[in-house]
Amino acid sequence: MYKFVYNIPTKVYFGSDQLSKLGKEIKKLGNRVLICYGGGSIKRIGLYDQVLEELKKEELEIFELSGIEPNPRVTSVNAGADICKKEKIDVLLAIGGGSVIDCTKAIAAATYYEGDAWDIVTKKVPVTKCLPIVTILTLAATGSEMDAGGVISNMETNDKIGVASPLMQPKVSFLDPKNTYTVSSYQTACGSVDILSHIIETYFNTEGSMYMLDCFMEGMMKSVVKYAPIAMKDPENEEARANLMWTSSWAINGFVRSCQHCSWSCHSMEHQLSAYYDITHGLGLGIVTPRWMRYILDEENAQRFRNFAVAVFGVDSKLDNMSAALEGIKRFEEFLFVELGLTSNLKELGIDRTHFDIMAEKACGNGILKGFKELNKEDIKRIYEMCLD
């Protein structure tokens, strides 16, 4: 249980006025840079011009891929890889949130493959080589700035699949909380749920635990619960933004999973919602996770839910395990749907039962979803049904 390897080779520049190091860090990796970004937000906040200024100081050759989507498409990956091959790109610079960074990671691998990048995502071909990646984070959510994985969507097949390789780990990441000041209240809420979900998926595991890691995870979850509402009400509160940003990175950089390797459940189920309905990932997780909790809760695992309830939401420790567990789930729901104001069910999003069969099959890989509690296709369908109301 206590045997593991932990290695995070990403260099992080955290805080204000760190971009003065950007050009020099990229110069170490190459001279021809592809900047990858989404819409126009990085231009509206002045970050785009600031980045160009720093890159030009080092006389780097600059190319661009814009328009990367939320739930990034494999079409964008292929477009980016084509640019890299044609222009002989040396290094990739991702500026944005998790979607941009995930797409950039896939581009890094697809550059060294002559076929469709979807072959890499579906693991038909292995990741053998990647371009180096530098990131500038603008949304605290996925933690992709400090891990080796990403998630790519194929809207033609309604698939959303994770891809990972140590070669995809960013070399350097720049994390300035001020770059998240303009993130909307809605996206702040969704990003915060994504952070929480990464921790919850690890906290509820079947392979035992380490007390120190439990304390660390509980502290991170409490940080999100405390600071997400503050950031929503006061978008330029640097303390709140900084805590969310750093928690986002540490929630999924491998540290808390070092001796806890239980498969994740809610992400598998939510990926199907995003694949079929293109909803915001954090919103989907917010709808699915408390239903999953209620569905799997039983006398055997109630102690773990009790620990969560007492540590994160301050539920009375004198309550018995089941009562405390149920109260904790209730308070979690109140946090999601009252404090954060997220839509509480699928019906309000215009989602019905139409695709539940195929979604459930994909979520469990046509077999068993091996998470904190094993789920088969029918279990997953029931959880989707619970999400309707």
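Which side chains meet in a salt bridge at 2.8 Å, N to O? The legends below start with that pair. The model shown is predicted.

**View 1. Glutamate 61 and arginine 32 meet in a salt bridge.**
The N to O distance between these two side chains is 2.8 Å. Glutamate 61 belongs to strand β3 (residues 61-65), and arginine 32 belongs to strand β2 (residues 32-37), so the pair ties together parts 29 residues apart in sequence. Glutamate 61 counts as partly exposed, because its relative accessibility is 40%. The structure holds 20 salt bridges, and this pair is one of them.

**View 2. Lysine 160 and glutamate 270 form a salt bridge between distant parts of the chain.**
Here the N to O distance is 4.0 Å. Lysine 160 sits in strand β7 (residues 159-164), while glutamate 270 sits in helix α10 (residues 266-277). The two residues are 110 residues apart. Are they buried or exposed? Lysine 160 has a relative accessible area of 9%, so lysine 160 is buried. Glutamate 270 is buried too, with a value of 0%.

**View 3. Arginine 331 and glutamate 327 form a salt bridge in helix α13.**
The closest N and O atoms of this pair are 2.9 Å apart. Both residues lie in helix α13. They are four residues apart, about one turn of the helix. Arginine 331 is partly exposed, at a relative accessible area of 27%. Glutamate 327 is also partly exposed, at 23%.

**View 4. Salt bridges link four residues into a network.**
The members are Asp357, Glu361, Lys377 and Lys381.

**View 5. The rings of phenylalanine 313 and phenylalanine 332 form a tilted pair.**
The structure holds 20 aromatic pairs. In this one, the ring centres are 6.1 Å apart. The planes stand at 50 degrees, so the pair is tilted. Phenylalanine 313 lies in helix α12 (residues 302-313) and phenylalanine 332 in helix α13 (residues 321-339), so the pair ties together parts that are 19 residues apart in sequence. Both rings belong to buried residues: phenylalanine 313 has 13% relative accessibility, and phenylalanine 332 has 2%.

**View 6. Ring pairs build a cluster of aromatic residues.**
Which residues do the ring pairs link? The cluster consists of Tyr203, Phe204, Trp292, Phe305, Phe308, Phe313, Phe332, Phe335 and Phe372. Phe313 and Phe332, the tilted pair of the previous view, are among its members.

**View 7. Two charged ends sit over tyrosine rings.**
The charged end of arginine 304 sits over the ring of tyrosine 203, at 3.9 Å from the ring centre. Tyr203 is also part of the aromatic cluster. Elsewhere, lysine 43 places its charged end over the ring of tyrosine 48. That charged end is 4.8 Å from the ring centre.

**View 8. Cysteine 103 and cysteine 387 are without a disulfide.**
A disulfide is a covalent bond between the sulfur atoms of two cysteines. How many does the structure hold? The count is zero. For cysteine 103, the nearest cysteine sulfur belongs to cysteine 36 and is 6.7 Å away. Cysteine 103 is buried, with a relative accessible area of 0%. For cysteine 387, the closest cysteine sulfur is in cysteine 266. The two sulfurs are 9.0 Å apart, which is too far for a bond. Cysteine 387 counts as buried because its relative accessibility is 0%.

Definitions and conventions: Residues numbered from 1 in each chain as written. Predicted model: local features only at pLDDT ≥ 70, side-chain atom pairs only at ≥ 80, totals over all residues. Heavy atoms only, no water. Phe/Tyr/Trp six-rings, centres within 6.5 Å; stacked < 30°, edge-to-face > 60°. Buried < 20%, exposed > 50% of the residue type's maximum accessible area, 1.4 Å probe, protein only. Lys NZ or Arg CZ within 6 Å of the ring centre and 35° of its normal. Disulfide = S-S within 2.5 Å.
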